[in-house]
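Subject: Structure handover

Hi there,

Here is the structure I promised to pass on. My notes on what turned up follow below it.

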Amino acid sequence: MNNWEIFTWITVFILGFGSVAVFIFFVKDIKEILKKFNKK
Amino acid sequence: MHEIATIDYIIIALYLAGMIGVGLWFAKKHTDFEDFFLAGRSLTTPLLITTLISTYYGIDVLFGDSQLGFTNGVVAWFAYARPTYAFFLIAAFLLARRLKEENFKTLPDILDKYYGKKTRYVGAVTSFIYSLPALSLYGFGMLGEVILGWEPILGMLVLGGIALIYTLTGGFWAVALTDSIQFVLMCVVLAMAFPFAMKLIGGFDTMVEVLEPSYFDTMGDLSIWLIIIYASTGLSILVEPTFYQRIFAAKSYKNVRNALVIGIFIWGSYDWIITILAMAAKVAVIQGTLPFDVAPDAALLTVMVAALPAGALGLFMAGVLSTEMSTLDSYCLVAGGNVAYDIYKPAFKPDATDQELIKTTRHGILLSWVLGFAMAISFDQMLGLWVFMASILISSVMAPILLGMYVPSFRKPLAGFLSAGLGLVSTVILNIYIMTQGVYSAEEETFIIQWFGIDFMQEFIMYITVPISLISFFVGVVFDKGEPS
């Protein structure tokens, strides 16, 4: 495995797991926001 | 055209229905204009990351980056994408805090505070033109054709129409929420695509063997002047209306800073994978797996259709649609805000109520969509239009905003008006002149005109218009004898 390929796998990992992690935090926040809207 | 399974169509249909559902859910829930336009200034870090990334990554990046990756290799990432991250860092640590300190709602708000109403209107016109969704609608035409086999106009009307509906009804809340769903879809699907593409071409080592060594040269074989221009397009981040809107909509400065710093890693990964997938497409062409005449800007889409299995392909297509929808909705909303908040309210109805502003913003969104559609079907050559729209923003509002922000003694009305006005006018005139009097070069994929014995490309216009804007600014500073704002 050359350096280009290692770098590519690192970016695949960041993009895949990173975006899912951000989305999980987003879901936590959005629950609060939707509650606020439902109260309105 | 390759086989697309029923499951792929079902996934796409579910995705599109979901987007409309979000917009309709928010339709009657806005209490005031700030809630409609800035989501009540309550965006947290995760929401900022998702909406920033999905907005900036439109079809131009997906196809623009991949086109360069397909024809030139890794230089697409090193020279075109990478400099942008430096500008994001500047924005995170130097710009966002200052912008967040004031209670601005739009980019022209800043110009109004520093230089007065006249400059506000020039900024509003610039921002409106820049935000017209012509490129996004053109992209929908292309996607409809490649993915669904539709006529381009049908793709623009149906796919662009869905993004229009949820933006009109749901405002910024709908945009931010749909952006978040679109964000995870586009990122995960792209990450997932890499192993499939490698399987198609026989692995990464095959790519290194088959491609010319210049494909792995970090500066490729592009001219230094073109690299400087590509790199400087990243400057637009510093005065980007949708970027500013997200800063204003954030809960606090810390949320913006954290979102940008985390976002850079995701942006970088996204750009890199697109570049590698485009290079894999080139290998597939050399190997004969893909047709030899595949268009460079359609290479990414074509290799994915060839590499991905049923179901995954539907997700990928929904991801590609997401990429474009999240861009179109954000720009339409900003353009609508320019009409209502930056022109209608100060010029015609200073006492407009929030409900009137929301209504006028919706009219503005519709207007921008219609104008963007007219442009998308009128221009055969979209690259020139893209260059025009990017150069107009940098040449008009960058100097007055940044200089006014950091040097309060420069905030003189004449300086702002001359700089923004002459920057705007010179960019429009020069672009039209080169596109009508120049010759389109298929090799360089741009308009070229002969000036003083040199081939002057349309991309080089900023080398003239930015100095015009800067010089006009300092002329205004010298000749305006009044006190700074």
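**An aromatic side chain on helix α5**

Phe93(B) counts as partly exposed because its relative accessibility is 47% (buried is under 20% relative accessible area, exposed over 50%, partly exposed in between, with a 1.4 Å probe and protein chains only). Before going further: this is a predicted model, where local features need pLDDT of at least 70 and side-chain atom pairs count only at pLDDT 80 or more, while totals for chains, interfaces and linings use all residues. Residues are numbered from 1 along each chain as its sequence is written, chains are lettered from A and ligands numbered from 1 in the order in which they are written, and side-chain values use heavy atoms, leaving out hydrogens and water.

Phe93(B) sits in helix α5 of chain B (helices are DSSP runs of H or I with at least four residues, strands are runs of E with at least two, numbered from the N terminus). Together with Leu89(B), Ile90(B), Leu94(B) and Tyr406(B), Phe93(B) makes up a nonpolar surface patch with about 450 Å² of accessible area. Patch members have over 30% relative accessible area and no salt bridge; like charges are joined within 9 Å and nonpolar side chains (Val, Leu, Ile, Met, Phe, Trp, Tyr) within 5 Å. Areas are from the Shrake-Rupley method with a 1.4 Å probe, and for residues only the protein chains shown count as cover. Helix α5, residues 75–101, gives the patch its largest share, four residues.

**Salt bridges**

Over all chains there are nine salt bridges (a side-chain nitrogen of Lys or Arg within 4 Å of a carboxyl oxygen of Asp or Glu). Asp342(B) and Arg120(B) form one of them, at 2.9 Å from N to O. This pair ties helix α15 (residues 312–348), home of Asp342(B), to helix α7 (residues 117–131), which holds Arg120(B), across 222 residues. Both Asp342(B) and Arg120(B) are buried, and they belong to a salt-bridge network with Asp109(B), Asp112(B) and Lys117(B).

Lys105(B) pairs with Glu34(B), with the closest N and O atoms 3.6 Å apart. Here the loop between α5 and α6 is linked to helix α2, 71 residues apart. Lys105(B) is buried because its relative accessibility is 17%, whereas Glu34(B) is partly exposed at 24%.

**Cysteines**

How many disulfides does the whole structure hold? The search finds zero over all chains, a disulfide being two cysteine sulfur atoms within 2.5 Å. Cys187(B) is buried at 0% relative accessibility, and Cys332(B) is buried at 1%.

Best wishes
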